[in-house]
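Visitor: I am new here. Please show me the structure, and then I will ask my questions.

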Protein chains: 2
Amino acid sequence: MGNQKLFKGSLQTIILKLLNENDKMYGYEITQKVKELTKGELKITEGALYPALHKLEADGLLYVEVAKVGNRLRKYYKLTENGTKETVNKLAEMQEFLKTMQHLVNPKFSLE
Amino acid sequence: MGNQKLFKGSLQTIILKLLNENDKMYGYEITQKVKELTKGELKITEGALYPALHKLEADGLLYVEVAKVGNRLRKYYKLTENGTKETVNKLAEMQEFLKTMQHLVNPKFSLE
DNA sequence: AAATATACATAATTTTCTTATGCATAAAAA
DNA sequence: TTTTTATGCATAAGAAAATTATGTATATTT
């Protein structure tokens with residue numbers, strides 16, 4: 001409870017950013033990576049993650065490579081060419097938003 | 001189109017922050033102030049603003065003072081005592097989120 | 001006279017989460 | 001050895017918070 005720190009709209013960008021850095025990742029790995037990178041502050045829930053991955057795939061930004069590890073199934077996601085382009089856009093947009101918001105709530109510590 | 005830069009979940013905090021700085025404001029004034037402060041980058045739509053104000057009021061964080069200016073109605077909003085407390089919390093949460101997100105998407109320019 | 005700005009509001013719809021649930025294998029702990 | 005936790009996928013119901021589209025009305029500018 002009380003862990004909705006993940007502002008709506010940022011999940012797609014986070015996924016794209018991670019895939020841009022790590023070449024290929026599977027869902028569970030993404031949740032762990034985010035937890036690790038944010039020291040537990042951001043927790044991606046499965047109910048948010050998987051639909052987001054499916055949407056990004058449907059939009060042609062990701063594609064899947066299924067792998068069998070041991071006896072278990074893994075779906076590795078990679079950026080498509082278009083996905084790489086969109087990552088640049090989304091990251092720029094996110095930076096802009098962060099800067100704007102930072103300026104709005106705390107003008108003294110602007111990022112500029 | 002393409003102007004959904006306002007990440008969902010940040011509107012309440014923005015409203016509270018502005019009221020904390022300006023003592024009393026009315027709806028239209030808030031939309032203009034945000035536009036001004038962000039140089040047109042964030043545009044608060046009325047369909048988002050008014051329901052948000054009503055919710056904050058219902059939650060006891062704001063109260064209203066109706067004023068008649070010329071022949072027109074204005075509803076000035078002010079922070080309640082509880083609203084002031086919540087503003088502190090929400091701003092801290094926002095700072096935390098911005099820092100985390102900044103760190104996530106661009107570790108090199110961390111705010112710390 | 002017409003268009004734009006000021007000022008409020010709500011309804012329908014969409015997006016994007018949370019929470020709950022389900023299935024299944026692997027590893028660790030009791 | 002049994003139970004819990006971790007790994008790994010997925011979807012459905014519901015809630016939250018926007019967007020978009022309207023609606024009403026006055027004031028100002030073109």
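**Around the two DNA strands**

Guide: Start at DNA strand C. One of its base oxygens lies 2.8 Å from a side-chain N or O atom of Arg72(B). That is a polar contact (a pair of N or O atoms within 3.5 Å; within protein, one must be able to donate a hydrogen and the other to accept it, and residues adjacent in sequence count only if both atoms are side-chain atoms). The model is predicted: local features need pLDDT of at least 70, and side-chain atom pairs count only at pLDDT 80 or more, while totals for chains, interfaces and linings use all residues. Residues are numbered from 1 along each chain as its sequence is written, chains are lettered from A and ligands numbered from 1 in the order in which they are written, and side-chain values use heavy atoms, with hydrogens and water left out.

Visitor: How far is the side chain of Arg72(A) from a base oxygen of DNA strand C?

Guide: Arg72(A) also reaches a base of DNA strand C. The pair is a base oxygen and a side-chain N or O atom. Their separation is 2.3 Å.

Visitor: How far is Thr45(A) from a phosphate oxygen of DNA strand C?

Guide: Here the partner is a phosphate oxygen, not a base. Thr45(A) uses a polar side-chain atom. The distance is 2.9 Å.

Visitor: Which element gives the largest share of the surface near DNA strand C?

Guide: Near means that a heavy atom of the residue lies within 4 Å. Helices (H or I, at least four residues) and strands (E, at least two) are DSSP runs, numbered from the N terminus. The largest share is five residues, and it comes from helix 3 of chain B.

Visitor: How many residues surround DNA strand C, and which are the closest?

Guide: The count is 22 residues. The closest come from both chains: Arg72(A), Tyr26(B), Tyr28(B), Arg72(B) and Lys75(B).

Visitor: What share of the atoms of DNA strand C within 4 Å of the protein is sugar and phosphate?

Guide: Take the atoms of DNA strand C that come within 4 Å of the protein. Sugar and phosphate account for 69%.

Visitor: Which residues come nearest to DNA strand D?

Guide: There are 23 residues around DNA strand D. Sugar and phosphate make up 70% of its atoms within 4 Å of the protein. The nearest residues are Tyr26(A), Tyr28(A), Lys75(A), Thr45(B) and Arg72(B).

Visitor: Which residue has a side-chain N or O atom 3.2 Å from a base nitrogen of DNA strand D?

Guide: Two other contacts go to phosphate oxygens. The side chain of Tyr50(A) is 3.0 Å from one, and a backbone N or O atom of Gly27(A) lies 3.3 Å from one. The base nitrogen is approached by Lys8(A).

**Inside the protein**

Visitor: Which residues have the most contacts inside the largest nonpolar core?

Guide: A nonpolar core is a set of buried Ala, Val, Leu, Ile, Met, Phe, Trp, Tyr and Cys residues joined through side-chain atoms within 4.5 Å. The largest has 54 residues. Ile15(B) has contacts that include Ile30(B) and Leu49(B). The leaders are Ile15(A) and Ile15(B).

Visitor: Is Ser10(A) buried or exposed?

Guide: Buried means under 20% relative accessible area, exposed over 50%, and partly exposed in between (1.4 Å probe, protein chains only). Ser10(A) sits in the segment before helix 1 of chain A. Contact means heavy atoms within 4.5 Å, and Ser10(A) touches Met94(A), Phe7(B), Phe97(B) and Met101(B), neighbours up to four places away aside. Its relative accessible area is 0%, so Ser10(A) is buried.

Visitor: How far apart in space are Thr13(B) and Lys90(B)?

Guide: Thr13(B) lies in helix 1 of chain B. It is buried, at 4% relative accessible area. Lys90(B) is 77 residues away in sequence. From C-alpha to C-alpha, the two are 5.9 Å apart.

Visitor: What is the relative accessible area of Tyr50(B)?

Guide: Tyr50(B) is in helix 3 of chain B. Beyond four places in sequence, it is in contact with Gly27(B) and Tyr28(B). Tyr50(B) is partly exposed, because its relative accessible area is 33%.

Visitor: How far apart are the end C-alpha atoms of helix 4 of chain A?

Guide: The expected span is 1.5 Å times one less than the number of residues. Helix 4 of chain A has 25 residues, so it should span 36 Å. The model agrees: the ends are separated by 36 Å.
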